[in-house]
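Dear colleague,

I am handing over the structure below, which I would ask you to look through before you read my notes. The notes come after it and are meant for someone who has not seen it before.

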Amino acid sequence: MENYSTLIADQKSFFRSDKTKDITFRINALQTLRKAIKNHEAELMQALQADLNKSEFEAYSTEIGFVLEELRYTASHLQSWVRPEKVKTPLTHIGSNSYIYSEPYGVALIISPWNYPFQLAIAPLIGAIAAGNCAVMKPSELTPKTSEVLEKLIRECFPEEFIAVVQGGVETSQALLNGKFDYIFFTGSVPVGKIIMEAAAKQLIPVTLELGGKSPCIVHEDANLKIAAKRIAWGKYTNAGQTCIAPDYLYLHTNVQEEFLQYLKAAIVELYSSEPLNNPNFTRIVSKRHFERLAAFLNNGKVYVGGKTNPEKLSIEPTVLTKISWDDSIMEDEIFGPILPVLEYSELSEVIEGIHEHPKPLSLYLFTENNSIQEKLLNSVSFGGGCVNDTVYHFASPHLPFGGVGPSGIGAYHGKGSFDTFSHKKSILKQTTRFDIPFRYPNVKNGLKKIKMFMK
Ligand code: NAD
């Protein structure tokens with residue numbers, strides 16, 4: 001097993017030089033990164049096409065454009081985020097002022113997955129740099145072309161003692177986890193998330209875990225069915241369903257089942273054509289292993305739309321399966337592919353109960369025009385975040401910190417959320433020496449009586 005202690009030690013000593021804490025250094029680093037991404041745009045698109053057959057439109061909107069926007073937003077707000085925040089001081093502390101300092105942790109480890117191999121590596125890096133950290137990045141081994149461009153781009157921008165990319169698979173990841181990092185930011189599956197947290201616990205390293213799970217999508221009987229169908233088709237089949245926050249399965253109200261499914265079929269044809277397997281812009285499945293895992297679900301329930309595959313191209317049609325129950329194998333784990341199973345319901349309580357019986361989802365989507373149903377569901381079910389009358393879109397707002405809860409993740413990021421995630425919040429009291437209020441001292445006369453006037 002390789003040893004990364006020299007790399008980590010070099011980063012620690014660079015961190016201790018305090019260079020990364022300088023606000024101009026941070027903003028310059030963000031701008032350098034932004035420029036380099038723009039310069040490598042064509043190369044990145046080719047790599048994403050080779051790794052996953054991502055179309056240029058998807059590559060730009062969900063990976064490249066997304067991080068350019070995040071970089072722009074962060075660089076323009078950073079000045080105000082880094083300032084120590086002055087907070088109130090209670091009467092008992094008269095004479096003093098109170099502040100919260102945002103302090104970088106030091107050297108961060110960022111481990112990322114293959115499904116958005118560029119965006120999910122760079123977006124946390126933006127937070128790490130903004131907050132003043134050094135970072136070691138470990139991109140996914142399953143998207144080698146993109147990881148290669150990523151490494152080249154980072155090398156061009158930064159010295160290794162500031163930001164480094166380490167390539168490799170599970171062994172490399174595990175070797176890195178033995179290192180004395182100050183923070184670990186992991187995006188990936190639930191089982192690996194547990195391994196990461198266990199390794200971090202051994203050294204008490206703080207973590208963010210961006211995990212996955214089965215995200216429900218509920219279509220109530222009063223929903224705007226046509227709009228719901230199009231937004232669900234887009235959220236589910238973008239990146240061929242290999243999106244952590246894609247609607248995993250549908251809860252569809254019995255009264256609108258037929259009508260909604262027809263709209264959904266039409267939306268799939270509109271977005272991906274009537275022969276998606278021949279559509280050059282439809283993303284493929286990342287590996288043979290995942291293709292076979294997904295293809296095995298196609299005999300669950302009844303195929304309503306799609307169902308065809310192309311094993312050579314590792315491609316699966318956008319598929320909808322009806323007559324599904326929680327006992328079907330497709331309902332066991334996160335699907336992570338272009339297959340949408342449909343459960344029927346007639347009472348909202350069935351939906352709430354069904355979700356309660358399973359691990360807390362990363363996202364939830366609810367389509368209804370009824371405000372009280374919206375509030376009822378938002379208040380009774382726990383999940384990372386989500387949308388009412390949309391899918392996936394909450395992910396792209398810098399004002400909405402993104403993350404899971406419990407089994408779907410710990411912590412959140414994006415926008416200021418990323419800066420906060422990579423900053424330790426250090427509370428500081430600055431006391432006066434012009435006077436010294438005696439109440440706290442044990443020798444004060446009637447001390448208890450006096451202290452009870454302030455602390456009651
Ligand atoms: P994964 O957990 O298999 O791998 C993620 C990273 O961990 C990779 O870099 C991999 O090399 C490393 N890794 C794998 N096994 C390891 C081990 N035993 N020890 C240490 N490191 C190990 O995930 P994946 O298949 O690349 O990605 C898909 C998963 O990621 C899905 O579950 C999805 O929901 C989740 N995901 C979550 C988000 C989010 O933001 N919450 C985003 C994208 C994907």
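What follows is a short account of what was found, taken topic by topic.

Please keep in mind throughout that this is a predicted model, and that the values below were computed from it.

I begin with the surface, where Leu91, Ile94, Phe435, Met453, Phe454 and Met455 together make a nonpolar patch of about 630 Å². One member of this patch, Met455, is found in the segment after α15 (447-454), and Met455 counts as exposed because its relative accessible area is 58%, where the cut-off for that word is over 50%.

Turning to the cysteines, the structure holds zero disulfides. Cys134 is in no disulfide, and the cysteine sulfur nearest to it, which belongs to Cys157, is 15 Å away, whereas a disulfide would need the two sulfur atoms to be within 2.5 Å. Cys134 is also buried, since its relative accessibility is 0%. Cys387 is likewise in no disulfide, with the nearest cysteine sulfur, that of Cys217, lying 9.5 Å away, and Cys387 counts as buried too, at 11% relative accessibility.

Lastly, you may wish to look at Ser363, which lies in strand β15 (residues 363-367) and is buried, with a relative accessibility of 0%. Leaving aside residues up to four places away in sequence, Ser363 touches Ser215, Pro216, Ile245, Phe383, Gly385 and His394.

With best regards

Methods
Residues numbered from 1 in each chain as written. Predicted model: local features only at pLDDT ≥ 70, side-chain atom pairs only at ≥ 80, totals over all residues. Heavy atoms only, no water. Patch = residues over 30% accessible without salt bridge, like charges linked within 9 Å, V, L, I, M, F, W, Y side chains within 5 Å. Areas by Shrake-Rupley, 256 points an atom, 1.4 Å probe, with all protein chains shown as cover. Salt bridge = Lys/Arg side-chain N within 4 Å of Asp/Glu carboxyl O. Helix = DSSP H or I, 4+ residues; strand = E, 2+ residues; numbered from the N terminus. Buried < 20%, exposed > 50% of the residue type's maximum accessible area, 1.4 Å probe, protein only. Contact = heavy atoms within 4.5 Å.
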